[in-house]
Every structure is written in C-alpha cells, then in structure tokens.
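Visitor: I am new to reading protein models. Could you walk me through the reasoning behind a few of the words people use?

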Amino acid sequence: MVTMTTTAYIPTSFNLVSYLHNTMHTGVAKSSTMTTNFAGFSYAFTLLGAFLSDSHISRFKTMLVFGPLEILGYGLLALQAYCPSLHPPPCETSGQLNDCQQVRGSNLVLLYIGLYTVAVGEGCMKACLASFGGDQFDSKDPVESRLQSSFFNWFTFGISVGGFTGLILIVWLENNKGWDYSFGVSALLFLIGLLVLASGFPLYRNQKPKGSPLTRILQVFVAAFRKRNLARPETLKELQQEEEEEALDREKPSHSKCLRFLDKACIDQGKSGAWSLCTPSQVEETKILLRMVPIFLICVLNYTPLFLLISFSVQQGNTMNTKVGKIHISPATLFVIPTAFQMVILVVYDRFFVPFARRITGYSRGITPLQRIGIGHVALTAATGVAAIVERKRLEIVGEKGLEDPGTGVTMSVLWLTAQILFIGINNATTFAGLLEFFNSEASGGIKSFASALFWCTLGLGSLMGTFQVDIVNKVTRHGAEGRGWLEGDTLNRSRLDLFYWFLFAHGGVSFLIYLYCAKRYTYRCDPRVNNVRNAYLHCPNPPEDDERVSM
C-alpha cells in the first residue's frame, strides 16, 4: 500500500508546479505557493486521521474510509485535465503570461476541490500507515520486537520504491500522454493498493481506539492548574485508574524528574473525575510531548527550504536544455537519481552501518535519531547553496543570450541540477527516516498515532512556511521602477531565484545552529546506549537521570 500510494502522490506533488504553470497558466510564484500549500495541507490532515484512528475508529477503518476520497480527488483532476472546457485554452507559456488566460471561476474551484480531496485522503492515510504497520509486531516477543526496530527504515524504503517508480511512469505519462492519463493511472494505482490492503483484513492485528491523546493531555493541564498552589509531590503513587490502563495493555512510561509542576495533577484531594485527578501515565505522556515540542518546531524551520527547492528546481529545469544526446529528460524525472541513491543508502545503513557503528558508539541504532536528523539538515542547507550557484550560472547565460523575455531557450544542460537534487536525496535518507524514528520511539504506546501525525505535520508546516517566505520575500524586495519582487517575474528568466536561494541558505544555517542547541539539551526518554533494542525503545525500565543526560 505504501508503494502504491507514493507511486501516485510523489510525482504528482513534485511536478504539480509544471501542471499549474503550463496548463492552468498560473505565474511562477503562484504555481510554487499552490504546490507547497497542497503538500502542506496533505501533511496537516494527518492530525485528522490520527484523531479519528485513536479516538473513534481503528487505523484500518480510517484508511478504508479516507482512501476512496483520494481516488475521487485524482478522478476529478483527471476529468478536468481531459475536458477542454474545464481548463484554460492552450497558450505559449515560454514567454510572458500576460496573453494567457489563467484558470478562474468554477474551473479554479474544481481544481481546488480535486487537489484538496487528494490532500485529505493522503493525509489520513499517512497518519495510519506507519502506526498500522508497527501494530503488526508484538513488542513482547523478542523476535518481533527486533523486526519492529528495522521497520521504519524499510517503511522509508517502500516510499522510495514508490517514488522511483512514479517518477519514471507517472512523469512519462504527464509529458507524453497528458495529465489526464497521469491522474487517471494514479487513481487506478491507489485503488489497487487499497484493495490489496483490504484483502489482508483477516490477518491483521487491529488495535482498538483508546481515546484521544489530546483530551488526556488537556486533562493533565487542567488538573495541574487547579492544584497549582499545592506542594509538589516527591513521589507518585500508583492510582486505581492505572489498573484500567493495564487492562488496555498500554505501556506505562517511567517517572521523569523534568516538568515536575505537572506532577500536581496526580495529587488526590478526594475529588474523582478525569479532569480533577490524573494518572502518572497521563502525566508522563504529557511530559514526553512537551519535551519533543522544541525539536518539532525547529525541524519545521529546517524543513522549510525543502519544498521550495523541489518546486523551483522543476521550474529551473523547464527553462534549460532537457536533451541528453537523443534522450529527452523531464526535470521531475531527475528526482529518480536521489530516490535510487536513497534506496541504496537505506539498505546499506540498516544492514552494514548500524551494526558497525553500534560497536563503536554503543547506541542500539548506531547513531541517535537526532544525530541522523542533523546530518540531513546539513545536506539540505548545502543543497540551497549549490542551487544558488547553479541558478547564478543559468542567469548569466540568460543575460548573454538576451533571453530575459522568453522563458526557455537556455543552452545550459538540465543535468546541472543533479548536485542539488542529490543533496535532497541525502536529506530524505537521513532526516526523514530519523524524524520518523524519533517521534515513534520517543512516544509511549498511548500517543504513537499522534506522534506519527506530528512527524508528518513537521513536513506540512515546513511546506506552508515556504509559502509564507515567498510572500514575505516578494514584499520586502519589491522596489524600483518595475516594482517586482525577486520571484514576481512572469518567468524565471526575469526573476532573481539565485538571491532567494542564498536567503534559504542563510535560513538553513541559522536554523541548524538553533537545532544543535535544542538537540544538545534534549533528554531521551530511553537510554539509546542500551544495545538491547527491545529494552531501549519499548519498555525503557531505566530512563537516564537528569545528571546522566543522553543528548543528540
């Protein structure tokens, strides 16, 4: 299911900017912001999927309910691309767009309905797939617990296989057969994946909904606030409510010494009720999430350049020489290179690097998740620097050839984009898998779905932040006689994308320094130096004390 989903979604999200610019005739900046908004809301809707799967219906049922919505969205997009009356008439977009009719009115509404129906379905599927896969492993079985420890690497590998396939098959259809074919095939692939998922129903381990983690967390804050004037307890006694949690087979996190003001929520004043008296497990769940908040926020900032870099790289490639010998290479197809590289890295990392590094560092996973995330952030910052240099070279050719008005005709080979795209692949193989592992391994059993949603929201909010950055940069740089911002040219040849890339490079450097500070101060819930993966990540009997902080 993961492979089928990403085969449809990844090429669509990567190359959507071309569809909007060339078929719907939207401008450079608007095409980019619409693309990043689509990606951002796709990830933001994971919160909806996590809430429903945790509180009301199981993860399996959530996927069966929202999966058909994504198929419907692709179907609407295919219908609009197929019917000439539902999109603007063809127009030469290589020059200025002033003479081209942009999508508007009911056709624009249909476009948004199609895109965001896909976003809702994709978001709810993302929230459930990783957690549902983890549910199939019994953490109490030593063999299955070790298999579970490698699951996130192979989950990411499945995403890479889907992306690799989609960037070849779907992008070929987009460029040679039309967008109606590509959207239609995407809907068909997703339907096949959903049917395969449903066919395994008798074999799955389905977890029952255990209530919303947001409600439990809010109860802790309310109960602690009501008892804010009481003395803080030195120890937390086990309460009767925890016997009910054991009946639900929920993991009980060990007591930690940080954020101890929340411990007051467990003080028994003779008043019963979930909003007056909380269990120690509830308090610890709340502490776990609060400790992850700084990492979550700074990773949002660190991820902001990624989606901008992807969308603008495709637009750069559309203005360049896309022929290599007799072969025509679509700019979006270049992302096959880092995807293939990412698949190789993930296999080498899991099978060779982890056992080797474990002997040196003593960490159960070779290096800690935060160290792995940091490597990816460095790679992404390097990608923006390389992109700025390549774009400066491209604009020099534009100036020499007098190509400011036409949007194409730059003799520079599209292969110049390979370096920045390769750094994106390194980022995906490290930061993506590292964040997925971090949020799921640090979260206790009762909040794992919510933690998975937080992981996807990191990507979604980063994408939406990119839209905000484009708008702000255009407003700040809008001066002179022409009154245009860096990214407000009708084409990239009349924009200053190179300066915007340098802005993203500076943004990445500053946010990485902040990340180092937050990661250094973070205390892992479980000691990652324990070589027994099961103890380190699942039961955590001996969490590190404050004076034995294990960071990064």
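Guide: Gladly! Let's start with a word we will need: contact means heavy atoms within 4.5 Å. Also keep in mind that this is a predicted model.

Visitor: What meets what between α2 and α3?

Guide: By that cut-off, S42, Y43 and A44 in α2 meet T46, L47 and L48 in α3. Sorted by class, this contact has four nonpolar, two polar and no charged residues.

Visitor: Why are α2 and α3 called roughly parallel?

Guide: The axes of α2 (residues 28–44) and α3 (residues 46–55) cross at roughly 15 degrees and come within 4 Å. Angles under 35 degrees count as roughly parallel, and α2 and α3 therefore earn that description.

Visitor: What makes Q80 buried?

Guide: Buried means under 20% relative accessible area. Q80 has 0%, so Q80 is buried. Q80 sits in helix α4 (residues 59–82). Leaving aside neighbours within four places in sequence, the contacts of Q80 are Y19, M24, L86, H87, N107, L110 and L111.

Visitor: Why is α15 described as largely enclosed by the rest of the structure?

Guide: The same kind of reasoning works there: 21 of the 30 residues of α15 are buried, so α15 is largely enclosed.

Visitor: How do you know that the reach of α15 is close to the expected one?

Guide: From first C-alpha to last, α15 (residues 448–477) reaches 43 Å, and 44 Å is expected at 1.5 Å a residue.

Visitor: Where is the kink in α15 centred?

Guide: On C457, with a bend of about 25 degrees.

Methods
Residues numbered from 1 in each chain as written. Predicted model: local features only at pLDDT ≥ 70, side-chain atom pairs only at ≥ 80, totals over all residues. Heavy atoms only, no water. Axes fitted to C-alpha atoms, helices over the stretch in contact; angles between N-to-C directions. Helix = DSSP H or I, 4+ residues; strand = E, 2+ residues; numbered from the N terminus. Parallel < 35°, antiparallel > 145°, perpendicular 65-115°, else oblique. Nonpolar A, V, L, I, M, F, W, Y, C, P; charged D, E, K, R; others polar. Expected span 1.5 Å × (residues − 1). Bend = angle between axes of the 7 residues up to and from the residue. Buried < 20%, exposed > 50% of the residue type's maximum accessible area, 1.4 Å probe, protein only.
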